[in-house]
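Here is a friendly walk through one protein model, written for someone who is new to reading structures. Have a look at the picture first, then read on.

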Amino acid sequence: MIRNRLQRNAIVMHLHSGDSHMRFLLAHGGDDSHIPIKKENLLGLGYDYIAMGHIHKPQIICPDKIAYAGALEPIDKNDTGAHGYIYGEITTKGCRIRFVP
């Protein structure tokens, strides 16, 4: 079921390099009113990395697997706290991500 819901609000990318093949998912939603998504369901889909959108606060949901990039700058008065971006590297060993304020 989650596959059908994500297909309407997601982009799937496949990266091929030599014998390596990585799968990425870009998805929008995740809060109670916009496509509620459970982390466990996302992890079970088999993607190497899942980039989430909609929530303005940067959050790493699952290390090196799932993150909300957040907003570089506050979007409204409720967007408090650190802003920045998610920096990622793709290697033959997988993905590495970290938040950069």
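In which sense, parallel or antiparallel, do strand 4 and strand 5 pair? They pair in the antiparallel sense, over three bridges. (Two strands count as paired if DSSP finds at least two bridges between them.)

## Before we dig in

What you see is a predicted model, in which local features need pLDDT of at least 70 and side-chain atom pairs count only at pLDDT 80 or more, while totals for chains, interfaces and linings use all residues. Residues are numbered from 1 along each chain as its sequence is written, and side-chain values use heavy atoms, with hydrogens and water left out.

## The overall layout

The protein has two helices and seven strands. Starting at the N terminus, the order of elements is α-β-β-α-β-β-β-β-β. Helices (H or I, at least four residues) and strands (E, at least two) are DSSP runs, numbered from the N terminus.

Of the 101 residues, 30% are buried. Buried means under 20% relative accessible area, exposed means over 50%, and partly exposed is in between (1.4 Å probe, protein chains only). The accessible surface adds up to about 6,900 Å², and carbon and sulfur atoms own 52% of that. These areas come from the Shrake-Rupley method with a 1.4 Å probe; for residues, only the protein chains shown count as cover. As for contacts (heavy atoms within 4.5 Å), take those with a separation of 6 or more: 35% of them involve residues 24 or more positions apart.

## How the strands line up

Strand 3 covers residues 49-53, and four of its five residues are buried. Strand 3 runs parallel to strand 5 (residues 66-68), with three bridges joining them. One bridge partnership here is I50 with I66 of strand 5. On the strand 4 side, Q59 stands opposite Y68 in strand 5.

Strand 6 and strand 7 are antiparallel and share seven bridges. Together they make a hairpin with two residues between them. Within this pairing, Y85 sits opposite V100 in strand 7.

## What's inside

Which residues make up the largest nonpolar core? The list has 12 residues: L25, A27, I35, I37, L42, L45, Y47, I50, M52, C62, I66 and Y68. Strand 2 (20-28), strand 3 and strand 5 each give at least two residues to this core. Another core lies apart from it, with eight residues that include M22, Y49, A67 and C95. A nonpolar core, by the way, is a set of buried Ala, Val, Leu, Ile, Met, Phe, Trp, Tyr and Cys residues joined through side-chain atoms within 4.5 Å.

## A patch on the outside

Nonpolar residues turn up on the surface too: L72, Y85 and Y87 form a nonpolar patch there, with about 320 Å² of accessible area together. Patches are made of residues with over 30% relative accessible area and no salt bridge; like charges are joined within 9 Å, and nonpolar side chains (Val, Leu, Ile, Met, Phe, Trp, Tyr) within 5 Å. You'll find L72 in the loop between strand 5 and strand 6 (85-91). L72 counts as exposed because its relative accessibility is 61%.

## The salt bridge

Side chains of opposite charge can pair when their charged atoms come close. The structure holds one salt bridge, where the side chains of R96 and D64 meet at 3.2 Å, N to O. This pair links distant parts of the chain, 32 residues apart: R96 is in strand 7 (residues 94-100), and D64 is in the loop between strand 4 (59-62) and strand 5. A salt bridge means a side-chain nitrogen of Lys or Arg within 4 Å of a carboxyl oxygen of Asp or Glu. R96 has 55% relative accessibility, so it counts as exposed.

## Loops worth a look

Strand 4 and strand 5 form a hairpin with three residues between the strands, and D64 takes a positive phi near 60° there. D64 does this although it is not a glycine. H54 isn't a glycine either, yet has a positive phi of about 110°. H54 lies in the loop between strand 3 and strand 4, and counts as partly exposed because its relative accessible area is 26%.

K65 is also in the loop between strand 4 and strand 5. With 32% relative accessibility, K65 counts as partly exposed. What does K65 contact, leaving aside its neighbours within four places in sequence? The partners are L43, Y47, D48, Y49, I50 and I97. The C-alpha atoms of K65 and D48 are separated by 6.4 Å, and these two residues are 17 residues apart along the chain.
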